[in-house]
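The following paragraphs guide a reader through a protein structure, from its strand pairings to one of its pockets. Please keep the sequence and the model in view while reading.

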Amino acid sequence: MGRIVALPARGEVLTDVRGGDRCLRVSWHHADGVVVVSVWHGDVCAGTVRVAAQDVPDLVAALTQGLARGYDAPALGRPG
């Protein structure tokens with residue numbers, strides 16, 4: 001991949017819970033009809049996935065369903 005420092009103009013940067021300089025960037029590219037999800041180590045992009053705009057609702061649903069199921073998991077230390 002390459003060294004790019006610029007943050008996404010339309011998107012989010014999410015830090016890794018392990019700390020360090022790892023993060024996940026999510027950026028919309030409306031003209032291309034995609035959302036780019038990329039993994040970064042400092043200012044170096046380690047990998048990307050281009051998700052078609054029509055597939056984004058499935059990605060959001062998977063994240064939402066996983067989060068909802070997690071609240072039922074005793075391993076998270078939540079009262080059940």
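**From strand pairs to a pocket**

In this predicted model, V13 stands opposite R25 in β2. That pairing belongs to the contact between β1 and β2, which pair in the antiparallel sense over five bridges. The two strands form a hairpin, with six residues between them. Within that turn, G19 has a positive phi of about 85 degrees.

Before going further, it is useful to set out the whole chain. The protein contains one helix and four strands, and along the sequence these elements follow the pattern β-β-β-β-α. Of its 80 residues, 16% count as buried.

How confident is the predictor in this protein? The pLDDT averages 84 over the protein, and 79% of the residues score at least 70. Confidence is lowest in β1, at a mean of 89, whereas β4 has the highest value, at 95. As a general caution, predicted coordinates should not be read in detail where pLDDT is low.

The second strand pair can be followed from R25, the residue already met opposite V13. On the β3 side, R25 stands opposite S38. The C-alpha atoms of S38 and R25 are 5.2 Å apart in space, although 13 residues separate the two in sequence. Is S38, a residue of strand β3, buried or exposed? S38 has a relative accessible area of 6%, which is under 20%, and therefore it is buried.

Other residues of β2 also have partners in β3. C23 has W40 as its bridge partner, and V26 has V37. In total, eight bridges join β2, which covers residues 22-29, to β3, which covers residues 34-41. These two strands run antiparallel and form a hairpin with four residues between them. G33, in the turn of this hairpin, has a positive phi of about 70 degrees.

The third pair brings in β4. Here V34 stands opposite A52 in β4, and eight bridges join β3 to β4 in an antiparallel arrangement. A hairpin is formed by these strands as well, with two residues between them. Its turn includes G42, which has a positive phi of about 65 degrees.

Taken together, the pairings give an open sheet of four strands in the order β1-β2-β3-β4, with antiparallel pairing. Why do β1 and β4 each have one side without a neighbour in the sheet? β1 (11-15) and β4 (44-52) stand at the edges and have a single partner strand each, so one side of each is left without a neighbour there. From one strand to the next, the twist averages 15 degrees.

The edge strand β1 also contains G11. With a relative accessibility of 35%, G11 lies between the cut-offs of 20% and 50%, and therefore counts as partly exposed. The C-alpha atom of G11 is separated by 9.4 Å from that of H29, a residue 18 positions away along the chain.

The sheet strands and the helix meet again in the description of a pocket. The second largest pocket holds about 210 Å³ of space. Which elements give two or more residues to its lining? They are β1, β2, β3 and α1 (56-70). The largest share, four residues, comes from α1. The residues that line this pocket are E12, L14, L24, V26, W28, V35, V37, V56, L59, V60 and L63. Among them are V26 and V37, the pair already described as bridge partners. By type, the lining consists of ten nonpolar residues and one charged residue, with no polar ones.

How values were computed
Residues numbered from 1 in each chain as written. Predicted model: local features only at pLDDT ≥ 70, side-chain atom pairs only at ≥ 80, totals over all residues. Heavy atoms only, no water. Pairing = 2+ DSSP bridges. Axes fitted to C-alpha atoms, helices over the stretch in contact; angles between N-to-C directions. pLDDT = per-residue confidence, 0-100. 1 Å grid on protein atoms, 1.4 Å probe; cavity = no way out; pocket = protein on both sides within 12 Å on 5 of 7 lines; lining within 4 Å. Points joined across faces, edges and corners; volume = space filled by probe spheres on them. Nonpolar A, V, L, I, M, F, W, Y, C, P; charged D, E, K, R; others polar. Buried < 20%, exposed > 50% of the residue type's maximum accessible area, 1.4 Å probe, protein only.
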